[in-house]
Each structure stands twice: as C-alpha cells, then as structure tokens.
Amino acid sequence: MLVSGAAGRMGQAVVAAVSAAGDMQVVARADPSLLPGGDAYPDVSSALGARPDVAVDFTRPDVVFDNARQYLDEGVHGVIGTTGLSEDQLAKLGQLAGDGSANLVVAPNFAIGALLMMRFAAEAARYMPRVEIIELHHDRKLDAPSGTALRTAGMIEGEVPIHSVRLPGLVAHHEVILGGAGETLTIRHDSLSRESFMPGVVLAVRRVGSRPGLTVGIEPLLFDDE
Ligand code: NAD
C-alpha cells in the first residue's frame, strides 16, 4: 500500500493504523516533506514504482485530483480522504475508474459517527425542513466549507446554509441544527482525535478492490441497507 501525504496529520495516523492492522503493509510513503530513501518518496509518481495495490491519499485539495489520476492510470486502487475535489473533478475520476482496471473510493469522512450524523440529519430534515450546519475545524484546514458539511447539505432538500469555524485545538466537529415552531433539534458529531477515522480507512483499503468504478462515501461498506 502507498500512503500519500504520509508526513501529514492524517497520513501519519494512517501509516500507524495500517501497520497495526496486520493484513496490509505500507510499501511506500509519498510526501515532499519526507527525507527520500527507503520507502519514502518525494512524490506520487516515483512512489508508484514500488508497485502498491492500493494508494491512500490524505494530501491537499490542490494536488489530490492529479494524484488520483495517477493511481488510476497505473492500475492502482485509490482510497481518497483528501477533501476539496470539485463535482467536475469527481465526475472525471468516476469516468476514469469506470473505464480502467482500478477502483476508487472517495470519502469526505471515514468516522462512523459522522456518517450516522449525516443519515439522522437527512431523516430529520424530512420533517423539519429549516436546517443550518456549523462545521468547526483546526485552523490549518485548507478548504471551507468542509467536505462533510457539503455532503450533509447535499443529502437534504432545499437550501442549507453552512457556517465554518477555524480555531486551534479543534479536530473536526459538525453540528446540524433543525428549526421548527418553538423548537430546535441539534445533531452533533465530534472527532476528538484522528483515531476516529482509522477503522473506516482500513475498511476502505480492504474493500476497494471489490468495488468496481467510483464509490463516494463508505456508507455502502458499512451499512447493510445501502
Ligand atoms: P496535513 O497538511 O497535515 O498533511 C498533508 C500532507 O500532504 C503534508 O505532509 C504535505 O507535505 C503532503 N503533500 C502535499 N502535496 C503532496 C503531494 N503532491 N503528494 C504527496 N503528499 C503531498 O493535512 P491533514 O490534516 O493530514 O489533512 C489532509 C487532507 O485530509 C485534507 O484535505 C483534510 O480535509 C482531509 N481529511 C479527511 C478526513 C476524512 O475522514 N476523509 C479526515 C481528516 C482530514
């Protein structure tokens, strides 16, 4: 397996989680801020020379599209956690994955609690259609609004305003507030550490090879009714 963005906050957690998983192995780590040598490479194209089966990408919104294209071109399955891909870019990657031999899982959130929050919010919005989302993240997150907030809003009919907060000390927090006459309902999820994402990442690595084309979100891997 290749971990792209291996020196980053998520990348380091993925390397540790994969090493602990036992049934998978990191054969290459790609990151321009790693000292090259051993399994460390400065970029994705050189790291792909290590012939991984799967690439896990937690890099940056401005490089993820090119990275994903390279995985697919090389016949390597991709698990993309990096957020910020546009609808257009996602559609192009879907086409590439559909045409070629490698599959792609793109998920804005790998934490099971966040996926349940999205589900419950979509269900509640059927009865309480006035909805707003507050998303709160650490101050070094590059994109706003968060991929999770956008996906949650996309699951709800009508306009859903999103408010973004960036403060040091936060990890990833989402609050969906639904308003009715004289009442509100708040559905909130907190990722307190990056550990929250790891079971979902490991699951996606195990399953990406058996899901042809593009899969958006890991819900179909987790929930038996999707
Ligand atoms: P980070 O800044 O800590 O790490 C990103 C790393 O990518 C850096 O080490 C950087 O040097 C490296 N990088 C930059 N360009 C690269 C390239 N071309 N090839 C390989 N590596 C490259 O960021 P982070 O907090 O780890 O977050 C990374 C991404 O993951 C963000 O888009 C974030 O929103 C997303 N994220 C997703 C989830 C999820 O569940 N899907 C959870 C948390 C974060």
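Q: What makes β3 and β11 the edge strands of the open sheet?
A: In this predicted model, 7 strands form an open sheet with parallel pairing, in the order β3-β2-β1-β4-β5-β6-β11. Strands are DSSP runs (E, at least two residues), numbered from the N terminus, and two of them pair if DSSP finds at least two bridges between them. Both β3 (40–41) and β11 (214–216) pair on one side only, and that makes them edges.

Q: How do you know that β6 pairs with β11?
A: Pairing takes at least two bridges, and 3 bridges join β6 (residues 104–106) to β11, so they pair, running parallel. Leu104, for example, has Leu214 as its bridge partner.

Q: Why is the pair between Lys141 and the ligand called a polar contact?
A: A polar contact with the ligand is a pair of N or O atoms within 3.5 Å. An N or O atom in the Lys141 side chain is 2.9 Å from a ligand oxygen, so the pair qualifies. Backbone atoms qualify too: one of Arg9 lies 2.9 Å from a ligand oxygen, and a polar one of Met10 is 2.8 Å from a ligand oxygen.

Q: What makes up the shell around the ligand?
A: Its residues divide into 10 nonpolar, 9 polar and 5 charged. Asp, Glu, Lys and Arg count as charged, while Gly counts as polar.

A note on conventions: residues are numbered from 1 along each chain as its sequence is written. Local features need pLDDT of at least 70 and side-chain atom pairs 80 or more, whereas totals for chains, interfaces and linings use all residues, and side-chain values use heavy atoms, without hydrogens and water.

Notes. A polar contact is a pair of N or O atoms within 3.5 Å; within protein, one must be able to donate a hydrogen and the other to accept it, and residues adjacent in sequence count only if both atoms are side-chain atoms. Helices (H or I, at least four residues) and strands (E, at least two) are DSSP runs, numbered from the N terminus.
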